[in-house]
Amino acid sequence: MKLYENMVKTAGVLLDKIAQVFLCVLIIVVVANVLLRVFLGNPILGTYEYVGFFASLLIGFSLAYCALEDGNIAIEFFYHKLSKGGQIVVDIIMSVTAFIFFVFVTWHMGRFAHSMVLTGEVSAATGTPVFYFVYMVAFGILMLCLVLLLKTLNIIKEVLHK
């Protein structure tokens, strides 16, 4: 269990570092586009598409780390009014529900990317194959699933050891 936890945490941190790189690239592309447009009158072709691609990767790759750090929004006002047992039940229900939901999201995103491969779908302005980005976001969500599974197992382990 400890090995699984270390692997998930390491992967989550690594994906977050990659997401930070995507943020930097996104900023550089936007600034370069503005500067080229203002000073040379020649913007970067497809900037809108590139910003969308990098933003999707930024979000997809940062989800697992956000979940590891409990950086999501919680309804603490109601949650803290529950007994400790009620909080544990809510935690388990929410973790399992989120895990199942994101497993389906990952599965359907993978199928969607595969359909894009089969049809040869590319972006309109630059002709970039879109399926690469969909697969990478699906991978980020898969990592989120592994974090949610880890959290669920930790809650169950905590309950069983009391």
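Here are four short exercises on this predicted model, each with a worked solution.

**Exercise 1. Work out which element the predictor trusts least and which it trusts most.**

Start with the chain as a whole: the mean pLDDT is 94, and 98% of the residues score at least 70. Now go element by element. Helix H3, residues 76-79, comes out lowest with a mean of 76, while H1 takes the top spot at 97. Keep in mind that where pLDDT is low, the predicted coordinates shouldn't be read in detail.

**Exercise 2. Find the salt bridges, and say what each one links in the chain.**

Step one is the count: there are two salt bridges.

Step two, take Lys9 and Glu5, whose side chains meet at 3.0 Å, N to O. Both residues sit in helix H1, four residues apart, or about one turn of the helix. Lys9 is partly exposed because its relative accessible area is 37%. Glu5 has 11% relative accessibility, so this residue counts as buried, the cut-off being under 20%.

Step three, turn to Asp70 and Lys151, paired at 2.8 Å, N to O. Asp70 is in the loop between helix H2 (47-68) and H3, and Lys151 is in helix H5, so this pair ties together parts that are 81 residues apart in sequence. Asp70 is exposed at 52% relative accessible area, whereas Lys151 is partly exposed at 22%.

**Exercise 3. Asp16 is a charged residue in helix H1; work out its surroundings and whether it is buried or exposed.**

First, the accessibility: Asp16 is buried. Next, look for a partner. Asp16 has no salt bridge, and the nearest side chain of opposite charge, Lys17, is 5.6 Å away. That has to be held against a salt-bridge cut-off of 4 Å. Finally, check the contacts: leaving out residues up to four places away in sequence, Asp16 touches Phe61, Ser62 and Tyr65.

**Exercise 4. Place Leu23 and Ala125, and say what each one belongs to or touches.**

Begin with Leu23, which lies in helix H1, residues 2-40. Its relative accessibility is 37%, so Leu23 counts as partly exposed. Leu23 also helps make a nonpolar surface patch of about 900 Å², along with residues including Ile27, Val30, Val34 and Phe39.

Now for Ala125, found in the loop between helix H4 (84-119) and helix H5 (131-160). At 41% relative accessibility, Ala125 is partly exposed as well. Its contacts, not counting residues up to four places away in sequence, are Leu45, Gly46 and Glu49. As a last step, check the C-alpha atoms of Ala125 and Thr47: they are separated by 9.1 Å, though the two residues are 78 apart along the chain.

Terms used:
Residues are numbered from 1 along each chain as its sequence is written. This is a predicted model: local features need pLDDT of at least 70, side-chain atom pairs count only at pLDDT 80 or more; totals for chains, interfaces and linings use all residues. Side-chain values use heavy atoms; hydrogens and water are left out. Patches are made of residues with over 30% relative accessible area and no salt bridge: like charges are joined within 9 Å, nonpolar side chains (Val, Leu, Ile, Met, Phe, Trp, Tyr) within 5 Å. Accessible areas come from the Shrake-Rupley method with a 1.4 Å probe; for residues, only the protein chains shown count as cover. Helices (H or I, at least four residues) and strands (E, at least two) are DSSP runs, numbered from the N terminus. Buried means under 20% relative accessible area, exposed over 50%, partly exposed in between (1.4 Å probe, protein chains only). Contact means heavy atoms within 4.5 Å. pLDDT is the predictor's confidence in each residue, from 0 to 100.
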